[in-house]
Amino acid sequence: MATSSVQDQIHDRRELTAALVRALERRHEVLDAVVDSEDHAAAVSAVAGLLDASEAHAEAVLNLTFRRLTKSERRRTQSELEDLDATLEWTAIDRPASTGTTFRLRDFTESDAELFRRRCGEQYPDWAGDRIEKERAEGVERIEDESAAWFVAEDTESGDTVGLVFGELSGREVDVAIWIAPEMRKRGYGTAAVKHSRRQLAAEFPGTVLVVRAPA
């Protein structure tokens with residue numbers, strides 16, 4: 001049985017390999033985008049946009065060597081992608097929520113205060129009620145200042161509230177914390193939250209590096 005941590009690593013590798021496959025398939029477009037770029041940063045941004053990939057994966061594309069362009073190397077990369085897809089398909093049977101197909105993140109609102117209190121009560125049992133409320137109020141202020149983005153995780157099929165995702169901006173990094181409600185754990189929701197939060201927080205804070213903590 002794959003743990004959520006192992007599955008996250010497989011998913012990360014799959015997303016990187018998929019980006020490399022797309023780059024090899026569209027190698028002429030990639031080369032044109034790089035040649036037309038003013039500098040390295042612009043090239044990374046152009047390749048990321050062209051391939052619908054993260055900047056980290058675009059960086060990996062730029063680091064490809066010419067030997068990876070041969071037919072045998074392209075076949076090998078495609079074969080690796082197929083193997084990773086098969087592995088993820090197998091683990092999805094054991095942890096169906098990990099696919100993220102019935103998962104969404106919506107903005108945290110004032111009506112979610114009780115969910116926040118529940119999370120704090122589990123993770124910080126020594127915190128008094130006023131401390132929890134202070135943390136929540138300060139978090140809402142950071143959201144309004146656009147230095148944080150908090151989300152409520154939901155299962156769109158069952159209608160269940162799954163947990164919370166916190167994105168906190170710190171310089172050029174976004175520290176991402178994921179809390180899954182105890183009764184919802186071991187189903188793959190943590191993996192789904194990682195997938196969705198990366199995409200959503202990258203849109204909220206473009207050009208930053210996301211630092212994701214292991215889901216609870």
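Select D52 to begin: in this predicted model, D52 is exposed, with a relative accessible area of 70%. Its setting is the loop that links helix 3 (40–51) to helix 4 (55–62). With the backbone displayed, the phi angle of D52 may be examined; it is positive, about 55 degrees, although D52 is not a glycine.

Next, select E146. Which loop holds this residue? E146 is found in the loop between helix 7 and strand 2 (148–155). Here too the phi angle is positive in a residue other than glycine, with a value near 65 degrees. E146 counts as exposed because its relative accessible area is 64%, and the cut-off for that class is over 50%.

Keep E146 selected and add D107, E141, E144, D145 and E204. Together, these residues gather on the surface in a patch of negative charge. A surface display, coloured by charge, is suitable for this stop.

Within that patch, turn to E204. Is E204 buried, partly exposed or exposed? Its relative accessible area is 43%, so E204 is classed as partly exposed; that class lies between the limits of 20% and 50%. E204 belongs to helix 8, which comprises residues 189–204.

Now move to helix 7, which spans residues 129–144, and select G129 there. G129 has a relative accessibility of 53% and therefore counts as exposed. Add R117 to the selection and draw a distance between the two C-alpha atoms. How far apart are the C-alpha atoms of G129 and R117? They are separated by 8.1 Å, while the two residues stand 12 residues apart along the chain.

For the last stop, clear the selection and display the whole chain as a cartoon. Its secondary structure consists of 8 helices and 5 strands. Followed from the N terminus, the elements appear in the order α-α-α-α-α-β-α-α-β-β-β-α-β.

With the whole chain still in view, consider burial and contacts. The chain has 216 residues, and 40% of them count as buried. Among contacts in the chain with a separation of 6 or more, 62% involve residues 24 or more positions apart.

Finally, switch to a surface display of the chain. The exposed area is about 12,000 Å², and carbon and sulfur atoms supply 50% of it. On this surface, the patch of negative charge can be located again by selecting its members, among them D107 and E141.

Terms used:
Residues numbered from 1 in each chain as written. Predicted model: local features only at pLDDT ≥ 70, side-chain atom pairs only at ≥ 80, totals over all residues. Heavy atoms only, no water. Patch = residues over 30% accessible without salt bridge, like charges linked within 9 Å, V, L, I, M, F, W, Y side chains within 5 Å. Areas by Shrake-Rupley, 256 points an atom, 1.4 Å probe, with all protein chains shown as cover. Salt bridge = Lys/Arg side-chain N within 4 Å of Asp/Glu carboxyl O. Lys, Arg positive; Asp, Glu negative; His and termini not counted. Charge placed at Lys NZ, Arg CZ, Asp CG, Glu CD. Helix = DSSP H or I, 4+ residues; strand = E, 2+ residues; numbered from the N terminus. Buried < 20%, exposed > 50% of the residue type's maximum accessible area, 1.4 Å probe, protein only. Contact = heavy atoms within 4.5 Å.
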